Amino acid sequence: LRGRWRRGDVAAFPAPAGGAAFGRLRHFEGEIATTPIEGTPLRRLAVVPAGHCWVEGGAADARSCGELPEVLVAGRAAAVVWPRGRWRWVA
């Protein structure tokens, strides 16, 4: 996965409820990621397991994050097209 994608890419993957979801690739297998512990200023450490990447953000909740099997990464977002006033290319 690491050779095909770069840290910071906006990846497309299947949403749990159907359709597509998007999130930014932050970490790759073997790296340490941090997640907030709800209701506290503390953060939890997690090692990204083999065959997974760490995704942060998304349409539903910009704070959501977690492991994603790399086989589920379907592609890279190229542009924001909705709402129309926010159209732009994604770097």
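Here, buried means under 20% relative accessible area, exposed means over 50%, and partly exposed is in between. Keep that handy for the exercises below, and remember that this is a predicted model.

**Exercise 1. Get an overview of the protein: its strands and its buried share.**

Step 1. Start with the secondary structure: there are 0 helices and 9 strands. Read along the sequence, that gives the pattern β-β-β-β-β-β-β-β-β.

Step 2. Now apply the cut-off of under 20%. Of the 91 residues, 31% count as buried.

Step 3. Turn to the outside. The protein exposes about 6300 Å², and 58% of that comes from carbon and sulfur atoms.

**Exercise 2. Work out the strand order of the open sheet and find its edges.**

Step 1. Trace the 5 strands across the open sheet: the order is β6-β5-β2-β1-β7, and the pairing is antiparallel.

Step 2. Look at the two ends of that order. β6 (65-69) and β7 (75-76) each have a single partner strand, so one side of each has no neighbour in the sheet.

Step 3. Zoom in on one of these edges. β7 pairs with β1 (residues 10-14) over 2 bridges, in the antiparallel sense. Here Ala-12 sits opposite Gly-75 of β7.

**Exercise 3. Describe the hairpin of β3 and β4, then sort the residues of β3 by face.**

Step 1. Check the pairing: β3 and β4 (residues 43-47) run antiparallel, with 5 bridges between them. One of the residues involved is Pro-36, whose bridge partner in β4 is Arg-43.

Step 2. Look at the turn. The hairpin has 6 residues between its two strands, and Gly-39 in the turn has a positive phi of about 85°.

Step 3. Recall a handy rule: in a regular strand, side chains alternate between the two faces of the sheet. Now sort β3: Ala-33 and Thr-35 make up the covered face, while Ile-32, Thr-34 and Pro-36 are on the uncovered one.

Step 4. Pick Thr-35, which belongs to strand β3 (residues 32-36). Its relative accessible area is 11%, so Thr-35 is buried. Leaving out neighbours within four places in sequence, Thr-35 contacts Leu-42, Arg-43, Arg-44, Trp-54 and Cys-65.

**Exercise 4. Find the largest nonpolar core and say which strands feed it.**

Step 1. Start from a general idea: in soluble globular proteins, nonpolar side chains tend to be buried together.

Step 2. List the members. The largest nonpolar core has 11 residues: Trp-5, Ala-11, Phe-13, Ala-15, Ala-21, Leu-25, Phe-28, Cys-53, Val-55, Leu-68 and Val-73.

Step 3. Assign them to strands. β1, β2 (20-28) and β5 (52-56) each bring at least two residues to this core. The largest share, 3 residues, comes from β2.

Step 4. Look at a core member from a loop. Ala-15 is found between β1 and β2. With a relative accessible area of 18%, Ala-15 is buried. Not counting residues up to four places away in sequence, Ala-15 touches Ala-20 and Ala-21.

**Exercise 5. Compare that core with a nonpolar patch on the surface.**

Step 1. Name the members: Val-81, Trp-82, Trp-87 and Trp-89 form the patch, with about 580 Å² of accessible area together.

Step 2. Check one of them. Val-81 is in the loop between β8 (79-80) and β9 (88-89). Its relative accessible area is 51%, so Val-81 is exposed.

**Exercise 6. Track down salt bridges, and decide how covered the partners are.**

Step 1. Begin with the total: the whole structure has 4 salt bridges.

Step 2. Take Asp-9 and Arg-6, whose side chains meet at 3.7 Å, N to O. Asp-9 is buried at 3% relative accessibility, whereas Arg-6 is exposed at 55%.

Step 3. Move to Glu-31 and Arg-7, where the closest N and O atoms are 3.0 Å apart. Glu-31 lies in the loop between β2 and β3 and Arg-7 in the segment before β1, so this pair ties together parts 24 residues apart in sequence. Glu-31 counts as buried at 18%, and Arg-7 as partly exposed at 43%.

Step 4. Next come Arg-26 and Glu-56, with a salt bridge of 3.7 Å, N to O. This pair links distant parts of the chain, with Arg-26 in strand β2 and Glu-56 in strand β5, 30 residues apart. Arg-26 is partly exposed at 32%, and Glu-56 is partly exposed at 26%.

Step 5. Finish with shared partners: Arg-6, Asp-9 and Arg-76 are joined by salt bridges into one network.

Terms used. Residues numbered from 1 in each chain as written. Predicted model: local features only at pLDDT ≥ 70, side-chain atom pairs only at ≥ 80, totals over all residues. Heavy atoms only, no water. Pairing = 2+ DSSP bridges. Helix = DSSP H or I, 4+ residues; strand = E, 2+ residues; numbered from the N terminus. Buried < 20%, exposed > 50% of the residue type's maximum accessible area, 1.4 Å probe, protein only. Contact = heavy atoms within 4.5 Å. Core = buried A, V, L, I, M, F, W, Y, C linked by side-chain atoms within 4.5 Å. Patch = residues over 30% accessible without salt bridge, like charges linked within 9 Å, V, L, I, M, F, W, Y side chains within 5 Å. Areas by Shrake-Rupley, 256 points an atom, 1.4 Å probe, with all protein chains shown as cover.
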